[in-house]
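These are my notebook entries on one pocket and two residues of the structure shown here.

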Amino acid sequence: LPKLPKRLPKYLTVQQMAELLAAPLKVLATQGREKKLGRPMSAVAAHRDVAILETIYSCGLRISELAGLRVVDMDRSEQLVRVRGKGKKERQVPIGETALRAIESYWARLPFRPAGESPVFLSETRKRSPVNRNILARRLKSYLIMAGLDPAITPHKLRHSYATHLLDAGADLRSVQELLGHAHLETTQVYTHVTTERLKKA
């Protein structure tokens, strides 16, 4: 049988990503003006979600990797994060200043400062359990709606956006493979089709 063409990964543009990163604080600001059923979002949760989105976009993490991130894995002076990926493989990835500031802003609103083996992102203000990936996916949907974006976009699409924007900015494919933690270069090569298609259109 003939080979089916590979589906190109969906991703957000740089502008769309900026709008999504601003969405949690917009939700927090508007919830007082708009009467909505359900539990209102706290300032801690809003700042945590900003930090989560910034970290995913800054490091290109999978949701499972983000949930497994511990304070001890972060080297703030070197701006590096140790990530446990698939098959218990570890890698080090750079984390940007914006993401680090967002994490500090979130931690400053907690009743205690996470340290050591504590998760970087907590499920609740007073509990030391890591953030739940299913809840995170649901919250992302509401942030996408607030930003006027497609609510069907999954957290993994943010990883696609990270890889695409790196390649657009001139990063080489081998480096992106290392940063994403892909075992094979073929997995990373799908992103080159995205950038090539965009060049053709331009």
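Entry 1, pocket. I looked up the second largest pocket and found about 230 Å³ of space in it. A pocket here is an open set of points on a 1 Å grid over the protein atoms alone, where a 1.4 Å probe fits, with protein on both sides within 12 Å along at least five of seven lines. The volume is the space filled by probe spheres set on the points, which are joined across faces, edges and corners. I noted the lining residues (an atom within 4 Å of a point) as R62, E65, G85, K86, K89, E90, R91, E178, G181, H182 and A183. I recorded one nonpolar, three polar and seven charged residues in this lining; Asp, Glu, Lys and Arg count as charged, Ala, Val, Leu, Ile, Met, Phe, Trp, Tyr, Cys and Pro as nonpolar, and the others, Gly among them, as polar.

Entry 2, source. The model is predicted: local features need pLDDT of at least 70, side-chain atom pairs count only at pLDDT 80 or more, and totals for chains, interfaces and linings use all residues. Residues are numbered from 1 along each chain as its sequence is written, and side-chain values use heavy atoms, with hydrogens and water left out.

Entry 3, T55. I found T55 buried (under 20% relative accessible area, 1.4 Å probe, protein chains only), at 0%. Not counting residues up to four places away in sequence, T55 touches (heavy atoms within 4.5 Å) G60, L61, L66, L69, I95, A99, I103 and F121.

Entry 4, V72. I found V72 partly exposed (from 20% to 50%), with a relative accessible area of 42%. The C-alpha atoms of V72 and V120 are separated by 8.9 Å, at 48 residues apart along the chain.
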